[in-house]
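Here's a walk through one protein chain, going from the overall fold to the surface and then to a few individual residues. Have the structure open while you read.

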Amino acid sequence: MDRMEFTIFFENPFWVGICIRYGEDSILSARHVFGPEPSNGEIIHFYLNYFDSMKFIEYTTDKYQSNGKNLSYKKSLQKGKREQLEKGGRSMEIFNNALSASLAGRRINTGKEKGRSLEEKFRNKQIKKKEKRRGH
């Protein structure tokens with residue numbers, strides 16, 4: 001069974017919600033910017049109406065596998081707090097890594113599309129030149 005958590009925090013100047021789905025072999029994350037501080041009613045309204053349309057990004061869990069050490073409950077809490085203060089939390093790190101990966105993929109696709117459109121424009125200009133010379 002998958003586990004999901006939704007965290008809302010203040011990222012200057014907006015309130016942001018990050019949803020993370022933990023699967024057996026991957027982590028899916030999505031982000032939503034609320035703007036001003038959301039009330040409980042607004043959060044419930046968001047969950048009922050817009051939660052299904054959130055775009056989740058996949059991120060593999062290889063980096064976060066346990067290295068065999070069993071920490072006590074207190075030590076794990078202290079470590080978690082320390083990491084959250086240093087890096088803004090594990091969820092933010094996961095989301096930012098996944099977002100940068102998806103943006104890199106978009107950049108590649110956008111570059112290819114741009115190249116195709118430039119080639120098409122060039123061909124159209126050449127055809128137009130030939131038609132002008134023919135005297136249509």
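In what order do the elements of the chain run from the N terminus on? The answer is β-β-β-α-β-α-α. That makes three helices and four strands in the chain. Keep in mind that this is a predicted model.

**The chain as a whole**

The chain has 136 residues, and 20% of them count as buried. Its accessible surface comes to about 11300 Å², with 51% of that belonging to carbon and sulfur atoms. Take the contacts in the chain with a separation of 6 or more: residues 24 or more positions apart account for 49% of them.

**Salt bridges**

How many salt bridges does a search of the whole structure find? It turns up three, and here they are with their N to O distances.

| Pair | N to O distance |
|---|---|
| R3 and E5 | 3.6 Å |
| R31 and E11 | 2.8 Å |
| E119 and R123 | 3.6 Å |

Let's start with R31 and E11, whose side chains meet at 2.8 Å, N to O. This pair links distant parts of the chain: R31 sits in strand β3 and E11 in strand β1 (residues 3–11), with their positions 20 residues apart. R31 counts as partly exposed, at 35% relative accessibility, and E11 is partly exposed too, at 31%.

R3 and E5 form another of the bridges. R3 has a relative accessible area of 48%, so it falls in the partly exposed class. E5 is also partly exposed, with 28% relative accessibility.

The remaining pair, E119 and R123, belongs to helix α3. These two are four residues apart there, so about one helical turn separates them. E119 is partly exposed, at 46% relative accessibility.

**Patches on the surface**

Which residues form the negative surface patch? They are D2, E24, D25 and E58. You'll find E24 in the loop between β2 (14–22) and β3 (26–35). Its relative accessibility is 77%, so E24 counts as exposed, the cut-off for that being over 50%.

There's a positive patch as well, made up of K121, K125, K129 and R133. To find K129, look in helix α3, which covers residues 90–134.

A nonpolar patch of about 360 Å² comes from I44, Y47 and L48. Of these, L48 is located in helix α1 (residues 40–49). Is L48 buried or exposed? It's exposed, with a relative accessible area of 60%.

**Two strand residues to compare**

S29 lies in strand β3. Its relative accessible area is 0%, so S29 is buried. What does S29 touch, once residues up to four places away in sequence are set aside? The list is C19, I20, K55, F56, I57, I94, F95 and A98.

R21, on the other hand, is in strand β2 and is partly exposed, at 30% relative accessible area. Leaving out neighbours within four places in sequence, R21 is in contact with R3, M4, S26, I27, L28 and F56. F56 appears on the contact lists of both S29 and R21. R3, the partner of E5 in a salt bridge, is one of the R21 contacts. As for E5 itself, R21 is 16 residues away from it in sequence, while their C-alpha atoms are 6.7 Å apart in space.

**A cis peptide bond**

One last stop is the backbone. Most peptide bonds are trans. Which kind of peptide bond, cis or trans, runs from N12 to P13? That bond is cis, with omega near 5 degrees. P13 is placed in the loop between β1 and β2.

Conventions. Residues numbered from 1 in each chain as written. Predicted model: local features only at pLDDT ≥ 70, side-chain atom pairs only at ≥ 80, totals over all residues. Heavy atoms only, no water. Patch = residues over 30% accessible without salt bridge, like charges linked within 9 Å, V, L, I, M, F, W, Y side chains within 5 Å. Areas by Shrake-Rupley, 256 points an atom, 1.4 Å probe, with all protein chains shown as cover. Salt bridge = Lys/Arg side-chain N within 4 Å of Asp/Glu carboxyl O. Lys, Arg positive; Asp, Glu negative; His and termini not counted. Charge placed at Lys NZ, Arg CZ, Asp CG, Glu CD. Buried < 20%, exposed > 50% of the residue type's maximum accessible area, 1.4 Å probe, protein only. Contact = heavy atoms within 4.5 Å.
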